[in-house]
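Let's take a walk through this structure together, from the contacts of a single residue out to the surface. Keep the model open beside you as you read.

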Amino acid sequence: MKKIFGAKKSQDPPPSIQDATDRIYKRGDTVDEKIKKLDAELARYKEQIKKTRPGPAQEAVKARAMRVLKQRKMYEGQRDMLYNQTYNLDQVAFASEGIKDAQQTMTAMKAANKELKGMMKTVRIEDIDSMQDEMMDLMDVSNEIQETLGRSYNVPDDIDEEELMGELDALEADMDFESSSVPSYLQPDKESDLDSELNLPAAPSGHAAAPNRQQVCHLQECP
């Protein structure tokens with residue numbers, strides 16, 4: 001059957017946007033090269049026109065320059081058309097990439113939504129509220145236990161605070177009285193003038209006078 005009707009030829013995949021863009025850029029580079037050659041030729045014709053005198057020779061150079069200008073305009077139009085095509089392809093590529101990003105975002109969100117639903121099945125708000133209530137009850141019981149263990153056995157609960165303040169004032173008054181009635185021998189010593197208490201004579205000033213001979217002889221036997 002294949003020999004009679006022939007086998008179906010496999011079709012090539014359609015070119016992508018990037019392939020079309022690359023092809024247009026290559027064509028644009030070719031056109032730019034042609035425009036550069038025409039610019040160089042125009043510059044040469046301008047120099048010839050400046051150097052030749054008015055007449056048939058100058059008119060012939062001008063005619064060739066006009067022909068080059070026409071070709072240059074044609075290539076410039078083609079280049080502008082190629083630039084417009086590349087701009088349109090860039091816009092399509094940008095839109096295509098945006099759609100691809102949106103698809104990936106939707107796929108990721110669907111997977112996250114499915115995972116979140118599965119997790120929410122294992123967590124219920126009623127269980128959380130019940131656990132919070134139990135934790136609050138346990139904390140209250142723990143505080144009561146701590147207060148009970150920290151209670152003093154010697155201090156009664158029915159003590160009047162005003163009575164305690166009165167006792168505190170009386171204790172301060174007793175302390176002031178005791179400090180004022182301390183015996184003198186327990187009080188700090190004051191600096192006393194020992195010279196005045198002993199009534200000692202004042203120390204002599206200057207050198208003492210030497211005794212005379214009569215006083216010495218009176219005390220000792222003199223020859």
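**A walk through the helices**

Ile24 touches Leu82, Gln85, Thr86 and Leu89, leaving aside residues up to four places away in sequence. Ile24 itself sits in helix H2, and with a relative accessibility of 10% it counts as buried, because buried means under 20% relative accessible area. You can also follow the backbone here: the C-alpha atoms of Ile24 and Tyr83 are 8.3 Å apart, although 59 residues separate the two along the chain. Please keep in mind throughout that this is a predicted model.

A second pair of positions is worth finding. Met81 belongs to helix H3, and its C-alpha atom is 9.4 Å from that of Gly28, a residue 53 positions away along the chain. Unlike the buried Ile24, Met81 is partly exposed, at 42% relative accessibility.

Now step back to the whole chain. How many helices and strands does the protein chain have? There are seven helices and zero strands, so read from the N terminus the order of elements is simply α-α-α-α-α-α-α. Of the 223 residues in the protein chain, 9% are buried. Among contacts with a separation of 6 or more, 74% are between residues 24 or more positions apart. The chain exposes about 21000 Å², and carbon and sulfur atoms supply 56% of that area.

Let's turn to charged side chains. Side chains of opposite charge can pair when their charged atoms come close. In this model the count comes to four salt bridges. One of them joins the side chains of Asp39 and Arg72, with N and O 2.3 Å apart. Asp39 lies in helix H2 (residues 17-51) and Arg72 in helix H3 (residues 56-122), so this pair ties together parts that are 33 residues apart in sequence. Both partners are partly exposed: Asp39 has a relative accessibility of 31%, and Arg72 has one of 23%.

Arg72 has another partner to look for. It also forms a salt bridge with Glu76, where the closest N and O atoms are 2.7 Å apart. Arg72 and Glu76 are separated by about one helical turn, because they are four residues apart in helix H3. Is Glu76 buried or exposed? Glu76 counts as buried, with a relative accessibility of 15%.

Further along the chain, Arg124 and Asp127 meet through their side chains in a salt bridge, at 3.1 Å from N to O. Arg124 is partly exposed at 49% relative accessibility, and Asp127 is partly exposed too, at 39%. As for the earlier residues, salt bridges with shared partners link Asp39, Arg72 and Glu76 into one network.

The surface offers two patches to explore. Which residues make the nonpolar surface patch? It is made by Val123, Ile125, Ile128, Met131, Met135 and Leu138, and covers about 560 Å². Val123 is placed in the loop between H3 and H4. With 42% relative accessibility, Val123 counts as partly exposed, so it passes the requirement of over 30% relative accessible area that applies to patch residues.

The other patch is negative. It is formed by Glu126, Asp129, Asp133, Glu134, Asp137, Asp140, Glu144 and Glu147. Take Asp133 as an example: it lies in helix H4, which spans residues 125-149. Asp133 is partly exposed, with a relative accessible area of 45%, so it too is over the 30% that a patch residue needs.

To close, you might trace the route once more on the model. Begin at the buried Ile24 in helix H2, and move to its contacts, including Leu82 and Leu89. Then find the network of Asp39, Arg72 and Glu76, and go on to the salt bridge between Arg124 and Asp127. Finish at the surface, with the nonpolar patch that includes Val123 and the negative patch that includes Asp133.

Definitions and conventions
Residues are numbered from 1 along each chain as its sequence is written. This is a predicted model: local features need pLDDT of at least 70, side-chain atom pairs count only at pLDDT 80 or more; totals for chains, interfaces and linings use all residues. Side-chain values use heavy atoms; hydrogens and water are left out. Patches are made of residues with over 30% relative accessible area and no salt bridge: like charges are joined within 9 Å, nonpolar side chains (Val, Leu, Ile, Met, Phe, Trp, Tyr) within 5 Å. Accessible areas come from the Shrake-Rupley method with a 1.4 Å probe; for residues, only the protein chains shown count as cover. Lys and Arg count as positive and Asp and Glu as negative; His and the chain ends are not counted. The place of a charge is taken as NZ of Lys, CZ of Arg, CG of Asp or CD of Glu. Buried means under 20% relative accessible area, exposed over 50%, partly exposed in between (1.4 Å probe, protein chains only). Contact means heavy atoms within 4.5 Å.
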